[in-house]
Amino acid sequence: MLDKIKINELIDIVGSSNVLTDPSELMLYSYDATQLHRVPDLVVIVHSAEDIAKIIKFARKNNINVYPRGSGTNLSGGSIPADGGIVIELNRLNRIIDIDIENRIAIVEPGVIAATLDSEVAKKGLFYPPDPGSLAVATIGGCVSEGAGGLRALKYGTTKDYIIGLEVVLPNGDIITTGNFSSLRSSPGFDLTHLFVGSEGTLGIITKIAVKLIYPAKTKKTLLVLYDSVVKAGTAVAKIIENKIIPSTMEFLDKITINAVEDFKKIGLPRDIEALLLIEVDGEPEDVETSAKILEKVCMDVGARSISVAKNDTERMELMEARRAALPVLARLKPTTILEDATVPRSKVPQMLEKIHDVQDRYNLMIGSFGHAGDGNLHPTILVDRRNKEEMKKVDMAIKEIFNYCIELGGTLTGEHGIGIVKAPFMEKEFKKEGLSFFRDIKKALDPDNKLNPNKIVCTKEVHLDYI
Ligand SMILES: Cc1cc2nc3c(=O)[nH]c(=O)nc-3n(C[C@H](O)[C@H](O)[C@H](O)COP(=O)(O)OP(=O)(O)OC[C@H]3O[C@@H](n4cnc5c(N)ncnc54)[C@H](O)[C@@H]3O)c2cc1C
């Protein structure tokens with residue numbers, strides 16, 4: 001708890017309207033999309049990098065933890081003030097500073113919402129491809145800090161591929177600039193920009209971001225492919241790429257997810273199929289037509305029940321919106337939603353899907369699966385009630401089995417949702433002792449007092465959090 005004198009010091013920095021102490025307001029900053037929570041001691045709303053530098057110096061002097069927060073939509077507990085302290089709310093740093101058409105670079109503050117950047121650059125004939133399912137609410141700062149992926153990652157890559165420069169407030173309060181804000185080419189020294197991309201607010205607070213833009217594709221074609229078996233759908237994913245087709249989007253939804261989406265969206269998805277693939281190809285018109293023909297043949301050869309093509313932009317958007325709704329609609333089914341980010345080599349998607357179904361049956365759990373199948377990135381989503389202790393024990397065992405199998409198949413703990421607090425205990429499994437020790441060394445070099453978003457990525461202390 002912060003005493004009155006310390007609170008007044010913070011008020012001197014940002015003004016009284018930007019320091020929140022009311023318990024009902026603090027509660028709003030206590031959780032993220034994992035639904036785990038801990039109430040912060042205080043929230044500070046910032047409007048400049050200089051504000052942040054002062055708060056960080058204040059926190060360091062007073063031995064207080066600091067947690068950066070964008071929109072709090074991350075799925076790994078990254079923005080939760082898990083060990084108490086101050087949450088820094090970054091959403092008001094939300095200016096698009098420049099869209100440089102000639103050099104195809106945008107410079108933005110971290111609180112800009114991903115969809116806003118998307119639409120603003122589109123008005124200038126440019127394209128920013130990273131599009132997490134949460135793009136209508138997630139901030140660019142949060143996306144950079146998580147290295148967020150999205151529906152278009154298969155062809156266009158993730159946020160990591162588009163960040164060329166950053167302004168960062170370090171844990172000692174210094175403000176530095178990395179990379180180059182006006183040129184796509186910058187090579188001197190260590191790649192400091194990418195040290196911070198994906199660092200989940202543990203190494204510094206990002207206050208300015210330079211992103212690379214590209215030109216949008218001329219045409220798109222969207223196909224809905226229905227399957228009577230998840231394994232067949234998974235097999236089609238690898239076969240499509242083997243046939244040298246790289247769709248911009250290749251998304252998977254299983255039966256539970258399809259039915260949850262249909263209950264909510266009512267767009268006529270058949271309820272009796274086991275799985276569907278939502279595939280989009282884009283590019284020059286002739287290439288798109290050729291790719292779509294090959295795609296249809298490959299999908300039918302693998303045993304698709306049927307294939308339909310979106311007739312117009314409205315139908316295309318409807319299908320994309322249905323896919324983006326997968327997580328929120330599943331979350332309506334039970335009080336507690338535990339979403340995983342199991343990512344395996346593309347060729348192993350059928351095995352991973354089989355395993356998820358096997359785990360679901362053996363533990364008698366409700367698991368809806370969906371994800372960016374083209375990247376091997378699946379989101380088995382366990383739907384439970386946190387108050388049911390027996391069920392929660394089974395969830396723990398199921399998650400461990402899914403993780404272990406994922407690593408066995410040559411996969412990774414997370415394809416896009418970060419490590420945060422929930423996956424930190426599994427880091428050694430993926431990186432081994434020496435690898436994890438290197439993570440610790442980097443954290444210690446930048447944040448020797450462990451005050452900036454402690455216990456995220458690198459676990460330093462066991463912290464127990466409850467679901468909200
Ligand atoms: C329905 C739904 C769909 C989703 N779909 C996807 C998807 O398709 N792909 C995907 O990758 N993710 C997805 N996510 C997860 C989430 O939206 C992303 O991780 C997103 O990047 C988080 O942005 P945010 O603004 O909410 O960040 P927050 O959750 O507030 O923060 C995320 C992390 O970044 C840190 N942080 C935030 N801002 C800064 C900053 N300026 N400087 C330093 N650290 C900072 C925080 O401390 C935290 O560790 C989805 C989430 C939901 C709820």
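These legends go with a set of close-up views of one predicted model.

**View A. Here we peek into the largest cavity of the model.** In total, the structure holds 2 cavities of 30 Å³ or more. About 70 Å³ of space lies in the largest cavity. If you want to find the spot, look for its lining: Ile56, Ala59, Arg60, Val66, Pro171, Asp447, Lys451 and Leu452. Helix H3, which covers residues 49-61, gives the largest share of this lining, with 3 residues. Sort the lining by class and you get 5 nonpolar and 3 charged residues, with no polar ones. Two domains also meet around this space: domain 1 (4-89) and domain 4 (433-461) each supply at least three lining residues.

**View B. Next up is the second largest cavity.** Its volume is about 50 Å³. Around it sit Leu224, Leu253, Leu269, Leu276, Leu278, Leu319, Ala322 and Arg323. Two elements each give two or more residues to this lining, namely strand S13 (275-283) and helix H11 (313-324). The largest share, 3 residues, belongs to H11. As for the kinds of residue here, 7 are nonpolar, 1 is charged and none is polar.

**View C. This one shows the second largest pocket.** How much space lies in the second largest pocket? The answer is about 930 Å³. A set of 29 residues lines this pocket, and the closest to its centre are Leu36, Asp396, Ile421, Val422 and Tyr467. Strand S15 (336-339), helix H14 (389-408) and strand S18 (466-467) are the elements that each give two or more residues to the lining. Which of the elements gives the largest share of the lining? That would be H14, with 6 residues. Split by class, the pocket lining has 18 nonpolar, 4 polar and 7 charged residues.

**View D. Now for strand S16 and its two pairings.** S16 spans residues 366-372 and is mostly covered, with 6 of its 7 residues buried. Strand S12 (residues 249-254) pairs with S16 in the antiparallel sense over 2 bridges. In that pairing, look for Phe252, which stands opposite Gly371 of S16. S16 also pairs with strand S17 (residues 377-384), again antiparallel, and here there are 7 bridges. Gly371 turns up in this pairing too, facing Leu378 in S17. S16 and S17 form a hairpin with 4 residues between the strands, and in this hairpin Gly376 takes a positive phi near 70°.

**View E. Zooming in on Met366 in S16.** Met366 lies in strand S16. Is Met366 partly exposed or buried? Buried would need a relative accessibility under 20%, but Met366 has 28%, so this residue counts as partly exposed. To get a feel for distances, compare Met366 with Val281: the two are 85 residues apart in sequence, and their C-alpha atoms are 33 Å apart in space.

**View F. Here is an open sheet of 4 strands.** Follow the strands across the sheet and the order is S1-S3-S5-S4, with mixed pairing. Why do S1 (19-20) and S4 (66-69) each have one side without a neighbour in the sheet? Both stand at the edges and have a single partner strand each, so one side of each is left free of a neighbour in the sheet. S4 and strand S5 (residues 86-89) run parallel, joined by 4 bridges. One pair to look for is Tyr67 with its bridge partner Val87 in S5.

**View G. We finish with strand S10 and the strands it pairs with.** S10 covers residues 205-212, and 6 of its 8 residues are buried, so this strand is largely enclosed by the rest of the structure. Strand S7 (residues 105-108) runs antiparallel to S10, and 4 bridges join the two. There, Ile107 stands opposite Ala210 of S10. Strand S8 (residues 163-169) is antiparallel to S10 as well, with 6 bridges between them. In this pairing, Val168 has Ile206 in S10 as its bridge partner. For the wider setting, UniProt has an unreviewed entry that places the feature "domain: FAD-binding PCMH-type" at residues 36-216. That span is 22% helix and 24% strand, and its end C-alpha atoms lie 38 Å apart.

Terms used
Residues are numbered from 1 along each chain as its sequence is written. This is a predicted model: local features need pLDDT of at least 70, side-chain atom pairs count only at pLDDT 80 or more; totals for chains, interfaces and linings use all residues. Side-chain values use heavy atoms; hydrogens and water are left out. On a 1 Å grid over the protein atoms alone, a cavity is a set of points where a 1.4 Å probe fits but cannot get out, and a pocket is an open set with protein on both sides within 12 Å along at least five of seven lines; lining residues have an atom within 4 Å of a point. Grid points are joined across faces, edges and corners, and a volume is the space filled by probe spheres set on the points. Ala, Val, Leu, Ile, Met, Phe, Trp, Tyr, Cys and Pro count as nonpolar, Asp, Glu, Lys and Arg as charged, and the others, Gly among them, as polar. Domain bounds come from an automatic or database domain assignment. Buried means under 20% relative accessible area, exposed over 50%, partly exposed in between (1.4 Å probe, protein chains only). Two strands pair if DSSP finds at least two bridges between them. UniProt positions are given in the numbering used here, feature names are shortened, and annotations may be inferred rather than shown by experiment.
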